[in-house]
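This report describes the fold, the core and the ligand surroundings of one protein chain. The sequence and the model are shown below.

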Amino acid sequence: MSTDRNTADITHSELVKQGLQGITANILKCKLCQLNENATNKVIMRGSERPKVLFIGEAPGKSEDEAGIPFCGRAGKVLDGLIDYMDLEENEYAIINTVKCRPPNNRKPTQNELRTCRPFLLAQIELLGPDVIILLGNTAEQAFCVSSLNWGEAMITPEGKHLMKLYHPAALLYRRALMEEQKKMIDRNRDLWKKIQ
Ligand code: SF4
């Protein structure tokens, strides 16, 4: 049997056993979906390995693909501004995406691509162990398999985590009214992360 085992054979619980470094190694060698073909870099995560709050975005864009870092372009600046608004310290949050490779022309990942990359997403969530998960947009919601959340209304998962959907930062670019709405949603839910020690 080859030691370079196909990542398709690895379940999310096997990935969890390998730890965050093992997940990274598996993502780096992954060729399970067509998104791998045009990726300059795999985009894995940034932030704390023990976050209170985990943000899940859609997919890497051009800047992220070039740098290998999630949310480092224009939408990333918007997200950084929101993280400041939430009063989160550097060691209190982490950011990942539903898929780790950039879709061509920034299209949305397909259902098949989301499904193929999901073991990495679920293993990252389990190992990072956040108290609050913030899904940035509808694609993140689909990838997480949640049926239908209302914007800015938190729910509790069966694992006891607070889960909430906010607008994707790219949707807020140059849309002041939507940004104000997003800030109100944050204000209504501030206790979720501020009361956690
Ligand atoms: S998007 Fe995910 S499943 Fe597809 S090649 Fe990249 S790491 Fe593998």
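Which residue in E6 is the bridge partner of Leu135? The model, which is predicted, gives Lys165 as the partner of Leu135 in E6. This pair can be placed in the wider setting of the sheet.

**Sheet**

E4 and E6 run parallel and are joined by five bridges. Both strands belong to an open sheet of six strands, ordered E1-E3-E2-E4-E6-E5, in which the pairing is mixed. Strand E1 (46-47) and strand E5 (155-156) are the edge strands, and each of them pairs on one side only.

**Overall fold**

The protein contains eight helices and six strands. Along the sequence these elements follow the pattern α-β-β-α-α-β-α-β-α-β-β-α-α-α. The C-alpha atoms fill a box of roughly 55 × 35 × 30 Å along the principal axes. A compact globule of 197 residues would have a radius of gyration near 16 Å, and the protein agrees with this because its own value is 16 Å. Buried residues account for 39% of the 197 residues. Of the contacts between residues at least 6 apart in sequence, 73% join residues at least 24 apart.

**Nonpolar core**

The largest nonpolar core has 47 residues, and those with the most contacts inside it are Val53, Leu54, Phe55, Ile56, Ile133 and Ile134. Helices and strands both give two or more residues to this core; the table lists several of these elements.

| Element | Residues |
|---|---|
| helix H1 | 12-29 |
| strand E2 | 53-57 |
| helix H3 | 74-85 |
| strand E3 | 93-97 |
| strand E4 | 132-136 |
| helix H5 | 138-143 |
| strand E6 | 162-166 |

H4 is also among the elements that give two or more residues, and H4 gives the most to this core, with six residues. Ile133 illustrates how parts of the chain meet: leaving aside neighbours within four places in sequence, Ile133 is in contact with Leu54, Ile56, Ile125, Lys161 and Leu163.

**Ligand surroundings**

Around the ligand there are 14 residues, of which Cys30, Cys33, Asn36, Cys101 and Cys117 come nearest. By class, this shell has eight nonpolar, two polar and four charged residues. Helix H4 (residues 111-128) provides the largest share of the shell, three residues. H4 therefore appears in two settings, and its contribution to the nonpolar core is six residues.

Technical notes
Residues are numbered from 1 along each chain as its sequence is written. This is a predicted model: local features need pLDDT of at least 70, side-chain atom pairs count only at pLDDT 80 or more; totals for chains, interfaces and linings use all residues. Helices (H or I, at least four residues) and strands (E, at least two) are DSSP runs, numbered from the N terminus. The radius of gyration is taken over C-alpha atoms; the globule rule is 2.2 Å times the number of residues to the power 0.38. A residue is buried if 20 or more other C-beta atoms lie within 10 Å of its own, exposed if 12 or fewer, and partly exposed in between; C-beta atoms are placed from the backbone. Two residues are in contact if their C-beta atoms, placed from the backbone, lie within 7 Å. A residue is near a molecule or strand if its C-beta atom, placed from the backbone, lies within 6 Å of it. Ala, Val, Leu, Ile, Met, Phe, Trp, Tyr, Cys and Pro count as nonpolar, Asp, Glu, Lys and Arg as charged, and the others, Gly among them, as polar. A nonpolar core is a set of buried Ala, Val, Leu, Ile, Met, Phe, Trp, Tyr and Cys residues joined through C-beta atoms within 7 Å. Two strands pair if DSSP finds at least two bridges between them.
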